[in-house]
Amino acid sequence: MFLINWLIMTIAILISAYVLPGVHVVGFIAALVAALVIGLINTFIKPVAIILTLPINILTLGLFTFVINALLIMLASAIVPGFKVDGFWWALLFSLVLSVIKSFLNLMKEN
């Protein structure tokens, strides 16, 4: 199950990078590593960031979560060679497009 989700995330990253000119992925291996790093960041760092920013997140009715997602994507971009996001706004758009594509691919997996 983990491998299927990892592959779905990799494909979603490749599609998102193809659609968005501000996101660059060198190849399939870089997308695999980026998917792994983003998954690890979302598992370990994101919950801590959400809890630490809970007051501002409540104040903005959860919209600050988009900012956290963009910052975590930029962190992954700094860690993974071959995966580059040009700036904050591209990271924000990338996280939104990635979520939509990943949801669509997960829907396809269930059928």
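## Helix assignment and model

Helices are DSSP runs of H or I with at least four residues, numbered from the N terminus, and on that basis Ser95 is found in helix α6. The model described here is a predicted one, and the features below should be read with that in mind.

## Helix α1

Helix α1 has 18 residues and reaches 26 Å from its first C-alpha to its last, which is close to the 26 Å expected at 1.5 Å a residue. Within α1, the buried residues are Ile8, Met9, Thr10, Ala12, Ile13, Ser16 and Ala17, and what covers them includes β1 (23-25), α2, β2 and α6.

## The nonpolar surface patch

A nonpolar patch of about 850 Å² lies on the surface, made by Leu7, Ile11, Leu14, Ile15, Tyr18, Val19, Phe28, Ile29 and Val33. At least two of these residues come from each of α1 (2-19) and α2 (28-44), although it is α1 that gives the most, with 6 residues.

Val33 belongs to helix α2, and it counts as partly exposed because its relative accessibility is 36%, a value that falls between the 20% limit for buried and the 50% limit for exposed residues.

## The largest nonpolar core

The largest nonpolar core holds 29 residues, and of these Ile13, Val23, Ile38, Phe83 and Phe94 touch the most other members. At least two residues of this core are supplied by each of α1, α2, α5 (64-79), β2 (83-85) and α6 (88-110), with α6 giving the most, at 7 residues.

For Phe94, once residues up to four places away in sequence are set aside, the residues touched are Ile13, Ser16, Ala17, Leu20, Val23, Ile38, Ile73 and Phe83. Among these, Ile13, Ser16 and Ala17 are buried residues of α1, while Ile73 is one of the buried residues of α5.

## Helix α5 and its packing

Helix α5 has 16 residues and spans 23 Å from its first C-alpha to its last, close to the 22 Å expected at 1.5 Å a residue. In α5 the buried residues are Ile68, Asn69, Ala70, Leu72, Ile73, Ala76 and Ser77, and they pack against α2, α3 (46-52), β2 and α6.

A contact with α5 can be followed from Ser95, which is buried because its relative accessible area is 7%, under the 20% limit. Leaving aside its neighbours within four places in sequence, Ser95 is in contact with Asn69 and Ile73, both of which are listed among the buried residues of α5.

## Val100 in helix α6

Val100 is also found in helix α6, but it is exposed, because its relative accessible area of 56% is over the 50% limit. The C-alpha atom of Val100 is separated by 8.9 Å from that of Ala12, although the two residues are 88 residues apart along the chain. Ala12, for its part, is one of the buried residues of α1.

## The salt bridge

Side chains of opposite charge can pair when their charged atoms come close. By the rule applied here, the count comes to 1 salt bridge, and it is formed between Asp86 and Lys84, whose closest N and O atoms are 2.9 Å apart.

Asp86 counts as partly exposed because its relative accessibility is 40%, and Lys84 likewise counts as partly exposed, at 45% relative accessibility.

How values were computed:
Residues numbered from 1 in each chain as written. Predicted model: local features only at pLDDT ≥ 70, side-chain atom pairs only at ≥ 80, totals over all residues. Heavy atoms only, no water. Patch = residues over 30% accessible without salt bridge, like charges linked within 9 Å, V, L, I, M, F, W, Y side chains within 5 Å. Areas by Shrake-Rupley, 256 points an atom, 1.4 Å probe, with all protein chains shown as cover. Salt bridge = Lys/Arg side-chain N within 4 Å of Asp/Glu carboxyl O. Buried < 20%, exposed > 50% of the residue type's maximum accessible area, 1.4 Å probe, protein only. Core = buried A, V, L, I, M, F, W, Y, C linked by side-chain atoms within 4.5 Å. Contact = heavy atoms within 4.5 Å. Expected span 1.5 Å × (residues − 1).
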